[in-house]
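The following exchange concerns how the parts of a protein model meet and where space is left inside. Please examine the entry shown here.

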Amino acid sequence: MPLPQRRQVEWRLVQARMKLNMGRLLAIDGLNIVRRVYEASPEPDSPEKADIALRHALSSFRTLVNDHEPTHVLPAFDFGGHTWRHDLFGGYREGRAPMPSPLRDALPAFYEKLHGFGMHVVSVPEVEADDVIGTVVLRWLAEGRGEATVATTDKDLHCLIAQGARVWDHFKSEWHDHAWVEKKWGVPPDQLPDLLALMGDVTDSIPGVSKVGVKTAAKLLRTYGNLDAIMAGAGILKDTLGETLRKEREMLYLSRQLVALKTDVRVGVSWNMLAWSH
């Protein structure tokens, strides 16, 4: 075999070996799964309902690791209570119903079961699970450790697709990629935070801009590209939309801060602690 051809074959073999040795991170948005399973039952809140829901949720976690065969698993949960977003905006999440007490009371035992299953639950005060997932996933990708999959239906985490992560909807058993995001919201993943800032988020009581919905927000971003360019253009818009944008400029930029993932969280775990060996 000629030398150049042999070197090409050897390089392909090296690449194949590298691919085999690459890691696979599975980041699980814990309460996204637990709350959806719990709320799927029409039964009134009770310890029994919580017990049944958490048994189903545990089965979901098992299914995720069995199907995705990760080398590392991050089960991230909201710590609860006050967060850095409340410091920015006192009305943050004020319209959201609190977690039912039977479910909240049952969570510590559920964490113990996950620990017994070989998972290291991560829950950090003052931040949300989204922030923990964003921090860990971006660090994993920046270090070139391999694939990163986020198991969630939370729209806020779909911006990670722009950085190379993959999003898996456990409930519909489907991948969400660039094309899925564009079809769903009319913008690519990297523009999702700007879109959410413009349209607001009723779930988290994030105001956004008055009377700007997903279609108007997507149209603005397709036309101008980002919030700064939109606001520069708003100065010459003579219609009601231009007036509203100028009037609510501060709230728009506050909303942008609120929807952004905090990606410098001190998570307090090593890759070894997240390693999955089952």
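Domain bounds come from an automatic or database domain assignment. This is a predicted model, in which local features need pLDDT of at least 70, side-chain atom pairs count only at pLDDT 80 or more, and totals for chains, interfaces and linings use all residues. Residues are numbered from 1 along each chain as its sequence is written, and side-chain values use heavy atoms, with hydrogens and water left out.

Q: What distance separates the centres of domain 1 and domain 2?
A: The protein chain is divided into domain 1 (23–176) and domain 2 (187–259). Taken over C-alpha atoms, their centres are separated by 28 Å.

Q: Which three residues supply 37% of the area that domain 1 buries against domain 2?
A: Buried area is the accessible area (1.4 Å probe) lost when two parts are put together, summed over both. Between domain 1 and domain 2 about 1,300 Å² is buried, 62% of it on carbon and sulfur atoms. The 37% supplied on the domain 1 side, more than from any other three residues, comes from Leu88, Phe89 and Lys155.

Q: Which residue forms a salt bridge with aspartate 204?
A: A salt bridge requires a side-chain nitrogen of Lys or Arg within 4 Å of a carboxyl oxygen of Asp or Glu. Between domain 1 and domain 2 the count is 3 salt bridges. With closest N and O atoms 2.6 Å apart, the partner of aspartate 204 is arginine 96.
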